[in-house]
Amino acid sequence: MITAAGLRVTTVEEHPEALVRTVVQAAARIELLRIYRRAEAERLGLDFDQVKPVFTAVQDAIEAGTLGYVLIVAEKPA
């Protein structure tokens, strides 16, 4: 898609740890909501019973290599 748009890729860096860190932080924040603001979060529509399976699926996808985080730098040729 990038080259089809007329750009040239100059850098590709895989950063799987960044995605893992983001998922861990998000799970921790959801857990804090569950502990300290459960009623308020549920009133806003957060279903804590559905959250854990989503995080499990995301973690499984990361471990399987299906989901990742990559930095791609491209430039428009002169």
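This tour proceeds through the structure one selection at a time. The model is a predicted one.

**First stop: helix 1 and helix 3**

Select residues 16-36, which form helix 1, and residues 48-64, which form helix 3. The two helices pack with their axes 11 Å apart, at an angle of about 170°. Angles over 145 degrees count as roughly antiparallel, and helix 1 and helix 3 are therefore roughly antiparallel to each other.

Next, display the side chains where the two helices meet. On the side of helix 1, select Leu 19, Val 20, Val 23, Ala 26, Ala 27, Ile 30, Leu 33 and Arg 34. On the side of helix 3, their counterparts are Phe 48, Val 51, Phe 55, Val 58, Gln 59 and Ile 62. Sorted by class, this contact contains 12 nonpolar residues, 1 polar residue and 1 charged residue.

**Second stop: the largest nonpolar core**

Which residues make up the largest nonpolar core? Select Leu 19, Val 23, Val 51, Phe 55 and Ile 62, the 5 residues that compose this core. Helix 1 and helix 3 each contribute at least two of its residues. Helix 3 provides the largest share, with 3 residues. As a general background, nonpolar side chains in soluble globular proteins tend to be buried together.

Centre the view on Val 51, a member of this core. Apart from neighbours within four places in sequence, Val 51 is in contact with Ile 30 and Leu 46.

**Third stop: helix 2**

Select residues 38-43, the span of helix 2. Within helix 2, pick out Ala 41. Is Ala 41 buried or exposed? Its relative accessibility is 8%, so Ala 41 counts as buried. When residues up to four places away in sequence are not counted, Ala 41 touches Leu 46 and Phe 48. Phe 48 was also selected at the first stop, among the helix 3 residues that meet helix 1. For a distance in the viewer, take the C-alpha atoms of Ala 41 and Ile 30: they are separated by 9.5 Å, and the two residues are 11 residues apart along the chain.

**Fourth stop: the salt bridges**

How many salt bridges does a search of the whole structure find? The search finds 4, and the tour visits several of them.

Remain at helix 2 and select Glu 42 and Arg 38, whose side chains meet in a salt bridge with an N to O distance of 3.0 Å. These two residues are 4 residues apart in helix 2, so about one helical turn separates them. Both ends are partly exposed: Glu 42 has a relative accessibility of 39%, and Arg 38 has one of 34%.

Then select Arg 37 and Glu 40, another salt-bridged pair, in which the closest N and O atoms are 3.1 Å apart. Glu 40 is partly exposed, with a relative accessible area of 35%.

Finally, select Glu 75 and Arg 8, whose salt bridge has an N to O distance of 2.0 Å. This pair links distant parts of the chain, as its members are 67 residues apart. Glu 75 belongs to strand 2 (residues 70-75), while Arg 8 belongs to strand 1 (residues 8-14). Glu 75 is partly exposed, at a relative accessible area of 34%, and Arg 8 is likewise partly exposed, at 46%.

**Fifth stop: Ala 74 in strand 2**

Move to Ala 74, which is also found in strand 2. Ala 74 counts as partly exposed, at 33% relative accessibility. What is Ala 74 in contact with, leaving aside its neighbours within four places in sequence? Its contacts are Ile 2, Leu 7, Arg 8, Val 9 and Thr 10. Arg 8 in this list is the residue that forms the salt bridge with Glu 75. To set Ala 74 against another part of the chain, add Glu 17: the two are 57 residues apart in sequence, and their C-alpha atoms lie 22 Å apart in space.

**Last stop: Gln 25 in helix 1**

Return to helix 1 and select Gln 25. Gln 25 counts as partly exposed, at 39% relative accessibility. Add Ile 35, which is 10 residues away along the chain; the C-alpha atoms of Gln 25 and Ile 35 are separated by 15 Å.

Definitions and conventions. Residues are numbered from 1 along each chain as its sequence is written. This is a predicted model: local features need pLDDT of at least 70, side-chain atom pairs count only at pLDDT 80 or more; totals for chains, interfaces and linings use all residues. Side-chain values use heavy atoms; hydrogens and water are left out. A nonpolar core is a set of buried Ala, Val, Leu, Ile, Met, Phe, Trp, Tyr and Cys residues joined through side-chain atoms within 4.5 Å. Buried means under 20% relative accessible area, exposed over 50%, partly exposed in between (1.4 Å probe, protein chains only). Contact means heavy atoms within 4.5 Å. Axes are lines fitted to C-alpha atoms, for helices over the stretch in contact, and angles run from 0 to 180 degrees between N-to-C directions. Angles under 35 degrees count as roughly parallel, over 145 as roughly antiparallel, 65 to 115 as roughly perpendicular and the rest as oblique. Ala, Val, Leu, Ile, Met, Phe, Trp, Tyr, Cys and Pro count as nonpolar, Asp, Glu, Lys and Arg as charged, and the others, Gly among them, as polar.
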